[in-house]
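Hi,

Here is the structure I said I would pass on. Have a look at it first, and my notes follow underneath.

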Amino acid sequence: MTLEINIIPDVLTVEDESIDLQNTDEGGAPLPGEDNDDNDHVAQTDPNLLPSNFFQALENLNLINLDSWVQNPIGVALSGYDGTNDGLEVFNINDPDGFGIDNLAFTQDALGTPFLTYDPTDLAFDPTNGVDSGLLAINGGNIYLFVDVSNDNIVYGIDSTGDIVFAVYLDENQDKTAAKMWTVEFEPMVHQTAGDGGLSYDDSIDLTDKLFVTASQELQFDLTNAPSGQNLFIMFGDGNITDDDAEVGIIATGKNPANVSAGEGLSSGDTINTSQAGGPTSFAVNNQQINEGEGIYFTFVTGPNSDFTVPNLDQTEADIEANINFTGFLGAQTAAFQVVQTVSGKTAVVKITAYNETQTVANASGNNFVDALNNDDVVDIDSVVVNDLDGDGKINIIDNGDGTFNIEGVEAGDTIQYSTVGNHNRVLIENDGDGKGKDSADFDIGGFKLFQAGTASLEVGSTVHWEDSAPSAIASAVTVNLQTDDSNTPDDTDTQDFSGNFTFNAGNDGQQSLVYDISTTDSTDSGLTSGGVAILLFNDGSDGVIGTAGGTTIFSVTVDSSGVVTLEQDGVIDHLPNIDPSSYNESIGLTGSDKITLTATLTDGDNDVASGIIDLTSGISFLDDGLIAFSPFDTEVFNDPTGTGEAFLDSDDNIDDNYGKDGANTVPVRFVSTLDGQSMGETSGGEDIVYYLTDNNMKLVGATGGDATTGKVFEITLSLDGSLLIFDDKYNVTMFASIDNGSGFEFDDLSGVSAGNPDWAIIGDETDPNYNPPPPVEILVTAYNASTSLSTTVNTNSSNIAASSNNIKYQEVVRLDFGEFTPNGDGTFSIGNHTTINGLRFSPQQVSGNPGTTKAIVLTAFDANDDDNFNHDPIDPITGISIDTNNDGLYDFEWETSDGNTIIGGVQFITNPSEGDILLNGVKEDWDVLVHTDDGFSRLEIGNFSTKQQSKFSIGDILIEEFNQGSDITKSYQLEIFDGDSDSILGTVFDITWTATEPLPII
């Protein structure tokens, strides 16, 4: 029987370690110095595309989890895959005898020697015990080959630290006559050729002479209908024997059979006994079992004579030595047999010895068989495995040290499998017990099976390739500049990080090093001069360039390990005359190109090199001596006619140290001239405020009257101390009037639109000449008698409001509505809308009788509708009342809802929850009363509920607090400083904030 494995030309499994797929039909694009004709597979991103057995093995190792990679692979490759096919088979197998292939496996040599297994649960696993692949992991050293513990179609490359670097899978077809190959790489490997941007980037490594494929066949032999009784031999095959040299058979004889062809009687030697009683046919010697010291030879042959092979062999034929007829010997490495029919309760000792018959077939068959039987070469057994039927774990496998093994503790039903270091064609199975006790039972043998009865091996490691990853270092144009200033010499430096001007990619090999270098061509003319002497450029011998004039170093350019470049200026550089006043700090730089370059060199994990170069020439410049930037402080001023404020003109409180070497101008600090005549964008008393510059632009005035002196609202004056030693350079703000800021409104003139006792009055409407501009809200004044619910007239003058006369009498109520109201011209009015206000202040005035007389005032707030029906509007409960007893703007005491009915400050506060009003008993003339609700109200009713004649009163000093404080106003300004030759620089923008007057606290 002969198997042939044939390599299929030009089918490789090539995986490129580059990050992207290097496969044209997968969208891959070749990197510099590479190609894209590799077999990279999209399973790199979708592991479900892997064969299921391969997937399962990787999942068992926690490299894949469900449908995603746990450890992302560097790459996946499939043999012959080009993105348009399903891969190509690497080899095929010719089986001329038609036995079929029982197993395809990765092996370590042409003899089919298996790899050691990788079992991740083995705590004693030593990765260096495997076959050295000749490859190196970048991070883990030598890579050793092992086969998967459960699947000999998978080989792992494991580095010396125990990490899996790659896996190779044999993807066999259904009948195992051909196979594709897959590779998955998890860690980068060393490619010995250092790439420099040429094709060496694509340097390839492989497993030549390290990885083989072995095809093998297994034969299970059938003893059905074997002759019973004592015989010289039994020759048997697979039960379907034919006369064919490719047929495989086994000849069983006793350990010391009679040489029948020499005239010895059959019974003078060991006979082979077969029995079919109670189950499958089994072998024994001389009787029903193999006793201590007895044994059976099993000889593996090809071309057994079918006439004398089971089931055609009869008992008579089995006693004739000449009938042991075959055409050749069969070499095998693994076989298995079963021990049967031991004595119950006892165990046996089985000894196994493997041989190779060295005689020719003619000298070792027929009548010569027995003569040649005991003159064989021993073949070492290297492993024994026992399938312990009852699983009691009492099997003891003993290596005898001479190539043979003993197995102790064997019971009926146990299966013993052994393997040899090379092919053998005969095995002797003996009972090696001593016949004593329960550990030395007799037994017989059944179920003989040959593994790898036919094998063929092929070197396939040379078809498995990994191509190197290409690093890259791409330089972009200079986006940052290096600049120093004559003013700060010597030792003036500017540092910029130029690493961002490079794009680095070390690929899957990882970065080994990144080196930056500054260089020039020695004696290059920089195009600059110092003191009229040309500045020449030289390499400094380490990491930078120096510029020298007459041997004196004027500047240097260096770089550190992170790509940060430093320009240091130690001498003055000649600049053009300062003609333009705005360019006091004009810049001058190197001329030309490539005079100073920055090179970044990236070396990846296996010494491939990529470089990028930036021309720094245009990015290096030097400033003339000039002014120093300054930053005035912000300030705040109260927005009232007495407000003042000041702030320093620079962060160090001193502007005199900002003029530079040219010194100060005669007018060194000024407001920017563009402010003159600009509108401030605010008003005062409704009039626009305009800016005016005076005093050589050192004073800024805000005024409303058309010039800097009329309608002055404020002025900002620059105050300079004129000394480097005094730190008191400021600007001062002085207020002369308030800036309109949306604050509240006090109704100073209450004369309304009608005189006398009209039915109603509107205070502050658009036509009211007393208010220009109109107030933010109008007040509709009406009145009624609480006892009759009938309307009554109102009475107004320039300072007070009352009901039917100049007082509010007992049970009279003055109603104040807030919003927009329009006289109709016929004695009626229209309500445009109501406005919600909060914080209405008033004071009782014109008290009849003693001015110290107290009053009983009832207050009720409403959320008014916009109709003219005053009797159906919802009440808004009053939640707070504050009282100022002496008109100093400080509220002396207050009441809140939570206080309930109480006396505070001599005033009795009585609430009426059902009506929503509140009674104030004890308020005196000219006290200020401030009323609040939670969310504001649009109507307030003020009633007199004192029966005392002297408690009549009117109301005045009406103010709506909601608009009182107003908003802060912030404006931004900018100053310029001028040096002695009229160079100038703008300071940073600073803010002046006019803060709304703080409300006076309650005491």
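How many bridges join strand β39 to strand β40, and do the two run parallel or antiparallel? There are four, and the strands, covering residues 533–539 and 544–549, run antiparallel. One pairing to click on is Phe 538, whose bridge partner in β40 is Ile 546. Bear in mind while you look that this is a predicted model.

That pair of strands belongs to an open sheet of six, with antiparallel pairing and the order β35-β42-β41-β40-β39-β38. The edges are β35 (492–497) and β38 (524–530); each has a single partner strand, so one side of each is left without a neighbour in the sheet. From one strand to the next, the twist averages 20°.

The other thing I looked at is helix α1, residues 52–60. Which of its residues are buried? They are Phe 54, Phe 55, Ala 57 and Leu 58. Looking down the axis of α1, these buried residues fall within an arc of 165°, so they line one face of the helix. An α-helix has 3.6 residues a turn, so residues three or four places apart point the same way. On the other side of α1, Ser 52 and Asn 60 are exposed.

As for what covers the buried residues of α1, the list includes β3 (64–65) and β4 (68–69), along with β10 (141–148), β11 (154–159), β12 (164–172) and β13 (178–185). One backbone detail to check: Asn 62, which follows α1, has a positive phi, near 60°.

Cheers

How values were computed. Residues are numbered from 1 along each chain as its sequence is written. This is a predicted model: local features need pLDDT of at least 70, side-chain atom pairs count only at pLDDT 80 or more; totals for chains, interfaces and linings use all residues. Side-chain values use heavy atoms; hydrogens and water are left out. Two strands pair if DSSP finds at least two bridges between them. Axes are lines fitted to C-alpha atoms, for helices over the stretch in contact, and angles run from 0 to 180 degrees between N-to-C directions. Buried means under 20% relative accessible area, exposed over 50%, partly exposed in between (1.4 Å probe, protein chains only). The arc is that of the directions from the helix axis to the C-beta atoms. Contact means heavy atoms within 4.5 Å.
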